[in-house]
Amino acid sequence: MDGVQLHFGWRVALLGLASVQLLTLAVAVSRQDANRTANRVLAAVLIVLTGVLTPYSIGFAGAYDAWRWLTFAPFALTLALPPLLFGYTHALVRGRLPDRFGLHLAPAALQLVYFLVCFALPLDAKWDWYTGGHARFVNPVFEVALLVSLGVYAALSLRRLGDYRRDLAEARSDDDRFAAAWLSRVIVALVAVLGIYTAFTVWDWISGGIDYFQETGLYLSLAGIGLYLGVEGWRHAALRFPVPVPTAATETAAGPDWVAVAADVDARVREAGWAREPDLSLPVLARRLATNTGRLSRTINQGLGVNFSAWINGLRAEAVATALDEGSGEDLLTLAFDAGFSSKASFNRAFHARYGVAPSRYRRGVSDHDFPASGAELRRAPG
């Protein structure tokens, strides 16, 4: 090693420990059967993140000074991170990878080929290129490409989440269990990576270049985001994300009187008490009503003016309100679960959408006999 000594300071310890944990989480996530495709993509994200951390883990220890031939070793394939995170989001909500996903990974493949070619250069030529043309021209291109890619895939992920929320609301009454929390956090992590990389890139450009030690915050932040994704991804690995069933309309514009049809459907559902089933979905209800999902969806949308989720949860809210009107002393959450709600958040949201007030205030109004009458119609669901 020509007298160069490796040293293991706190930076090496933190990044090395994070790398071991990321790889451990990647193995744990990839072995989960539910959401198999999504879990394997998340495992790939964690492995790529480990690779991004590796040059700094060993660099802070002095490995590149001891073994200069490690220059251009293809550890950090940063351009793979944005499409993989988008692929994870897509696989969760659609049950499969995006179409032509290989093309999404093409920039990362080119980055890998570039590093492999440079890594194979003779040592002197490699070092000259690393400190010359690579530093001046190629590395800035990679930095800009990463920032653009992060922005594009964050936007695509947000669109995918919005589509999923809409589709679930059209097909399930328990859509709140799947649509928001975890998927939103994945996108927040993607945006956070964009923000962190942008801040350090701008700092690098303005200052004329920052060194390894000044980039410590960047890689510790990436390690933290990666560990969060790994732990939470493992916790959500077994949660099945339902793939919404297409609900294309089957009737022409000159179809039946949808208001009348919807009134009949609404009456049948109320009489049967089906809204009390927490996992009631559009396909299940369509089978019970001896119709298809397309016709039933159009009946609800055009006849009632709301989506499936808003309608069913509105019926559940009415059941709770009726119990309160009759003087029930049961806990509100007990009444909500008995009515078919699957969570406190969905109950509060649906009750407020139906009556314009929180359930607790409604109960106080009933007991005080000084409360405005509820509206006669369900409110239209947003979006």
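**Exercise 1. Find the contacts of T78, and decide whether T78 is buried or exposed.**

Step 1. List the neighbours, where contact means heavy atoms within 4.5 Å. Leaving out residues up to four places away in sequence, T78 touches V52, Q111, L146 and Y197. The model is predicted: local features need pLDDT of at least 70, side-chain atom pairs count only at pLDDT 80 or more, and totals for chains, interfaces and linings use all residues. Residues are numbered from 1 along each chain as its sequence is written, and side-chain values use heavy atoms, with hydrogens and water left out.

Step 2. Place T78. The residue sits in the loop between α3 (63-66) and α4 (81-94). Helices are DSSP runs (H or I, at least four residues), numbered from the N terminus.

Step 3. Apply the accessibility classes: buried is under 20% relative accessible area, exposed over 50%, partly exposed in between (1.4 Å probe, protein chains only). T78 has 13% relative accessibility, so T78 counts as buried.

**Exercise 2. Examine the salt bridges of D33 with R36, E232 with R235, and D163 with R160.**

Step 1. Fix the rule: a side-chain nitrogen of Lys or Arg within 4 Å of a carboxyl oxygen of Asp or Glu. The count comes to eleven salt bridges.

Step 2. Take D33 and R36. Their N to O distance is 2.7 Å. D33 is exposed at 57%; R36 is partly exposed at 36%.

Step 3. Take E232 and R235. Their side chains also meet at 2.7 Å, N to O. The two are three residues apart in helix α10 (residues 216-235), so about one helical turn separates them. E232 is buried at 13%, whereas R235 is exposed at 54%.

Step 4. Take D163 and R160. Here the N to O distance is 3.5 Å, and both residues are buried. Both belong to a salt-bridge network of R94, R160, D163, R166 and D167.

**Exercise 3. Characterise the lining of the largest cavity and of the second largest cavity.**

Step 1. Define a cavity: on a 1 Å grid over the protein atoms alone, a set of points where a 1.4 Å probe fits but cannot get out; lining residues have an atom within 4 Å of a point. Two cavities reach 30 Å³ or more.

Step 2. Describe the largest. Its space is about 50 Å³. V45, L49, L81, L85, V193, I225 and L229 line it. The lining has seven nonpolar residues, no polar and no charged. α2 (36-60), α4 and α10 each supply at least two.

Step 3. Describe the second largest. About 30 Å³ lies within. Its lining includes D174, D175, D176, R316 and F341. The split is one nonpolar, four polar and four charged.

Notes:
On a 1 Å grid over the protein atoms alone, a cavity is a set of points where a 1.4 Å probe fits but cannot get out, and a pocket is an open set with protein on both sides within 12 Å along at least five of seven lines; lining residues have an atom within 4 Å of a point. Grid points are joined across faces, edges and corners, and a volume is the space filled by probe spheres set on the points. Ala, Val, Leu, Ile, Met, Phe, Trp, Tyr, Cys and Pro count as nonpolar, Asp, Glu, Lys and Arg as charged, and the others, Gly among them, as polar.
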